[in-house]
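Here is a short guided tour for a newcomer to protein structure. Take a moment to look at the model, then read on.

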Amino acid sequence: MKKTKKLISTGLITALFVGLFSLAGCGGVSEKEMAELEALRSEVKALEKEVNSLKSEKAALEREIAEKNAKLDECAKIKAETKKNLEKLGL
């Protein structure tokens, strides 16, 4: 009797696990969901490409600003030197 109960409970547990794995296996991803996933992946790739492009553009603009600031500093330095020389000449 005890052996029979043990066999029945073992059988029920086994059937439960098999049923759960079967349900999990059958509930896979549909083709529509796969298409949506692929579309999202494509969109993410496009956005990452755009981000990289904008980062490159930002770096180029920062370099351009730095060059112009350096030129402005040099012009201010030349202007101050010229003003000093004009004052020496009494003009």
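## Met34 and its helix

Met34 sits in helix α2, which covers residues 31-89. Keep in mind as you look around that this is a predicted model. Is Met34 buried, exposed or partly exposed? Its relative accessibility is 37%, so Met34 counts as partly exposed, because that class lies between the 20% limit for buried and the 50% limit for exposed.

Met34 also has company on the surface. Together with Val29 and Leu37, Met34 makes a nonpolar patch of about 250 Å².

## The overall picture

Now zoom out to the whole protein. Its secondary structure consists of two helices and zero strands. One of them is α2, with 59 residues. From its first C-alpha to its last, α2 reaches 86 Å, close to the 87 Å expected at 1.5 Å a residue. Just after α2 comes Gly90, which has a positive phi, near 80°.

What share of the 91 residues is buried? Buried residues make up 0% of them. The accessible surface of the protein comes to about 8,900 Å², and carbon and sulfur atoms account for 64% of that area.

## Two salt bridges

How many salt bridges does a search of the whole structure find? The search finds two.

One joins Arg41 and Glu38, whose closest N and O atoms are 3.1 Å apart. Both residues belong to helix α2, where they are three residues apart, about one turn of the helix. Arg41 counts as partly exposed because its relative accessibility is 46%. Glu38 is partly exposed too, with a relative accessible area of 38%.

Another pairs Glu64 with Lys68, and here the closest N and O atoms are 4.0 Å apart. These partners also lie in helix α2, four residues apart, again about one turn of the helix. With a relative accessible area of 39%, Glu64 is partly exposed.

## Why the spacing matters

Why do partners three or four places apart point the same way in an α-helix? An α-helix has 3.6 residues a turn, so residues with that spacing point the same way. Try this on the model: find Arg41 and Glu38, three residues apart in α2, and then Glu64 and Lys68, four residues apart in α2.

Technical notes. Residues numbered from 1 in each chain as written. Predicted model: local features only at pLDDT ≥ 70, side-chain atom pairs only at ≥ 80, totals over all residues. Heavy atoms only, no water. Patch = residues over 30% accessible without salt bridge, like charges linked within 9 Å, V, L, I, M, F, W, Y side chains within 5 Å. Areas by Shrake-Rupley, 256 points an atom, 1.4 Å probe, with all protein chains shown as cover. Salt bridge = Lys/Arg side-chain N within 4 Å of Asp/Glu carboxyl O. Buried < 20%, exposed > 50% of the residue type's maximum accessible area, 1.4 Å probe, protein only. Expected span 1.5 Å × (residues − 1).
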